[in-house]
Every structure is written in structure tokens, then in C-alpha cells.
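Hi,

Here's the structure I promised to pass along. Have a look when you get a minute; my notes on what turned up are underneath.

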Amino acid sequence: DEQFGLALSEKSRWLDDDIEKLIIKNDTLATTKNIFNFVKNNFNCTNHDAMYMSEDLKTAYKAKKGNIIEINMLLTAMLKKADINAAPVLLSTRDNGVAYEAYPILNRFNYLITKAIINGKEYLLDASKKRNGFNRLPEECYNGYGRTIAEIPFLIPLFADSLTETKTTNIYINNSEDGKQMQGSFSSNLGYFESFDLKEELSSNNIEDYFKKIKISYSYDIDLSNTSVDSLKLSDENVVIRYDFSFKLDEDIVYFNPLLTEAYKTNPFTAATRNYPVEMPYATKEIININIEIPKGYKVDELPKSARVKLNETDGMFEYIIQADTETIQMRCKIEINKANFAAEDYETLREFYSYVVKKQAEQIVFKKIK
């Protein structure tokens, strides 16, 4: 088709100069990464929902922009020009509905990515977004099967159940040297998709404003310092949020939630009933490790009880483990959801699971002043 595959059969000599600069001899993977980053960083995608090229590939190349087909078809063409085994892959994003596995009805597709095979390993690439990592696709692409457009049209399984988003948070709280306030450190290593969203958000917003929102989210007066967000400009790296904080304890009885801002405040499943399957974007694993030095002049009056709860035996689990001695409190809170898709009949169980999580994470440690 002149508006699709013809571009891959042309000799495209106008690509020669750029390709020559990007090739690393005897390193196919490094060459592939170079070409991927070249297209991603130098071309803008004007439309992420398309089935055909609106311009020929050379015109898009000169204009440094094009729709999703043109951007990733250019990527495919450049890889092939560098003698890398590459082919376009058509798929349907989540908001477009599911493409049929058995038969390729053309109008069911609306998106294109590139498949490269290097040393027998398959890499799926999307150069249409500046913050996409290498061999990473936007979450909306995981919507059933993609279809390789080649002599042998292999199906590419793209299912949300194959994705796991892992987030690890560490919180340390200690007494200040003068014993007049509590001070601590917070660090959270986000998963890939949450990192991607934050990179997008902070590309048009001020980091200082982001931390102002964090400060406001605390239910008590707190000071933040040494704030940082690592790897904002590194598309292949996950974001790490770090800051130090301090606050004062004045009351005779202090109610303190050790999870700080990390607790679920509301149940994500609000409807009483549901007639359709639940489709999450990915499986999740959230781990929060907390170490608290008991405030000077206080004792632990009440401590939440530890608990472990399973979701349908193997579909997930919630763990809330807490213990204390005379000086410190140690806590570990973990939520695992082992799959992304749940049948409608599992909805009530899933809703009850998160209701328990919200209730348990709201429990507070009670500190009482020693008199």
C-alpha cells in the first residue's frame, strides 16, 4: 500500500548519512538503541491514532514530524536500512477496543509499533513519545494481540497481566539531636508507568510546586527539605522521589499514622455492584518499609495489630506487619495484585479486599507523653 508498506520496500538513500552515524560495528543492540533514540528525540508525533501515513516517509522525515504510523514506520525503515531484523506491528489501543485474534479486520487497528529481533530476542519499540523507554510500550498498548505485518504475520501477545508495576518506599523517622522534634527521610522508587506519568507531569510543571502539593497532603504541619526527583530526563530509568522532613509533637496524646502520605485514603472500587470485568492497567506490587524511633518523652500507648489477608488465595495479598520495643517501631506494609484482569463475579471480593486495606492503613499508633 502506498500509504503503508511501500515505504519499507523503497531504497531510501536519503537515510544513508544518518544511518552511517548511528551504526556501531559488531553491536546490533547498541545500534538499535541509537536509531530508536534518534527517531524518538528528533521527530514529533502529531497523531497517536492512525492507520495510514498522511505523507510519504521522506516528507515526514524532512518535516521532523508525523502520525503514529509515520514515526514508527520511519523507525522500522531505519532499522532495516541498518540490516536489523525489524517489522511493523499493528495493534489496537484500549480506548479503541480489542482487535480480533483469529482474523485481521483492518478497521479494528489504530496504532503501530516496531518489532526488532536481535540475537533471537524480541524487542518492541515505540518512538512516538519522548519519554518512552527502550523496549517499553505505553500501557494503552496492552490490549490483546498485536499483528506483525510481514510474510509470516506472527501474533504478538500484549496483555496487561504480563506487566507488574513495582513501587518501593522507605521511611525513617528519628528524634532530632536536641529532642525537640522528629526528623526523617522519605524515598520512593516508582514503577515504570508511574515514573512515566510523573515525568510527563513535571515536564510542564515546577518541581517546587510538586513538593508543595506533597506538603499540603500531610494532615499536620511539616517542613520539607533536601527535595529531589531523580532520573526525570532518563527515559529508561525509574523515578526516585526523595525528601527529608521534620515536625513537632506537643500534645499529651499523639495519634500518628506511620504510612504518612502512602496509605490508600479511599477504595478505588466505589460501585456496589458491577456487571463487567475489571481491567486494571497492570499487576502491582507496593512495598513500604518504615523504621520509627519512639519520640523522646513518649511511650507507645497503642499499636495496630499485624495482619495478612489473601485475595482469592493466589490473586493477591495484603501484609501489614508491625512490632515495637522500648526504643523503635518497625513496620512493613505490602500489597500485591498478581493479575490485571478480574471477572465480574470477582468484583465484590476485590472491593472488600481494598476496603480492608483502606481501613487497616488508616490505623494509627498512639503515643502518650510520659509524666
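Lysine 167 is buried, with a relative accessible area of 17%, and its side chain has a partner: a salt bridge joins lysine 167 to glutamate 262, with 3.2 Å between the closest N and O atoms. That pair ties together distant parts of the chain, since lysine 167 belongs to strand β8 (residues 164-175) while glutamate 262 is in the loop between β12 (253-256) and β13 (278-279), 95 residues apart. Glutamate 262 is buried too, because its relative accessible area of 17% falls under the 20% cut-off. There's a third member here as well: Lys167, Glu194 and Glu262 are linked in a network of salt bridges. Bear in mind that this is a predicted model.

The total comes to 14 salt bridges. Another one that links distant parts of the chain is aspartate 230 with arginine 242: aspartate 230 is in strand β10 (residues 223-230) and arginine 242 in strand β11 (residues 240-247), twelve residues apart. You may want to look at the geometry there, as the closest N and O atoms of aspartate 230 and arginine 242 are 2.1 Å apart. Aspartate 230 counts as partly exposed, at 27% relative accessibility, and arginine 242 is partly exposed with a relative accessible area of 36%. Then there's glutamate 336, which meets lysine 334 in a salt bridge at 3.5 Å, N to O; both of these residues are buried.

On to the nonpolar side of things. In soluble globular proteins, nonpolar side chains tend to be buried together. Here the largest nonpolar core has 53 residues, and Ile35 and Met78 have the most contacts inside it. Helix α5 (residues 68-81) gives this core its largest share, nine residues. Apart from it lies another core, of 51 residues, including Ile241, Phe247, Tyr347 and Val357.

What does methionine 78 touch, leaving out residues up to four places away in sequence? The list is Leu15, Asp18, Ile19, Leu22, Ile35, Phe38 and Val39.

Three of those names come up again in helix α3 (residues 28-42), where Ile35, Phe38 and Val39 are among the buried residues. The others buried in α3 are Ala30, Thr31, Thr32, Phe36 and Lys40. Together, the buried residues of α3 pack against α2 (16-22), α5, β4 and β5. As for its length, α3 has 15 residues and reaches 21 Å from first C-alpha to last, close to the 21 Å expected at 1.5 Å a residue.

Strand β5 (residues 121-125) is where you'll find leucine 124, which is buried at a relative accessible area of 10%. Not counting residues up to four places away in sequence, leucine 124 touches Ile113, Thr114, Lys115, Asn135, Arg136, Leu137, Ile156 and Leu158. The C-alpha atoms of leucine 124 and alanine 86 are separated by 9.8 Å, with their positions 38 residues apart along the chain.

And on the outside? Which residues form a nonpolar patch on the surface? Tyr100, Tyr103 and Ile105 do, with about 340 Å² of accessible area together. Tyrosine 103 is in the loop between β3 (85-91) and β4 (111-118), and at 59% relative accessibility tyrosine 103 counts as exposed.

Shout if anything looks odd on your end.

Cheers

Note on methods. Residues numbered from 1 in each chain as written. Predicted model: local features only at pLDDT ≥ 70, side-chain atom pairs only at ≥ 80, totals over all residues. Heavy atoms only, no water. Patch = residues over 30% accessible without salt bridge, like charges linked within 9 Å, V, L, I, M, F, W, Y side chains within 5 Å. Areas by Shrake-Rupley, 256 points an atom, 1.4 Å probe, with all protein chains shown as cover. Salt bridge = Lys/Arg side-chain N within 4 Å of Asp/Glu carboxyl O. Helix = DSSP H or I, 4+ residues; strand = E, 2+ residues; numbered from the N terminus. Buried < 20%, exposed > 50% of the residue type's maximum accessible area, 1.4 Å probe, protein only. Contact = heavy atoms within 4.5 Å. Core = buried A, V, L, I, M, F, W, Y, C linked by side-chain atoms within 4.5 Å. Expected span 1.5 Å × (residues − 1).
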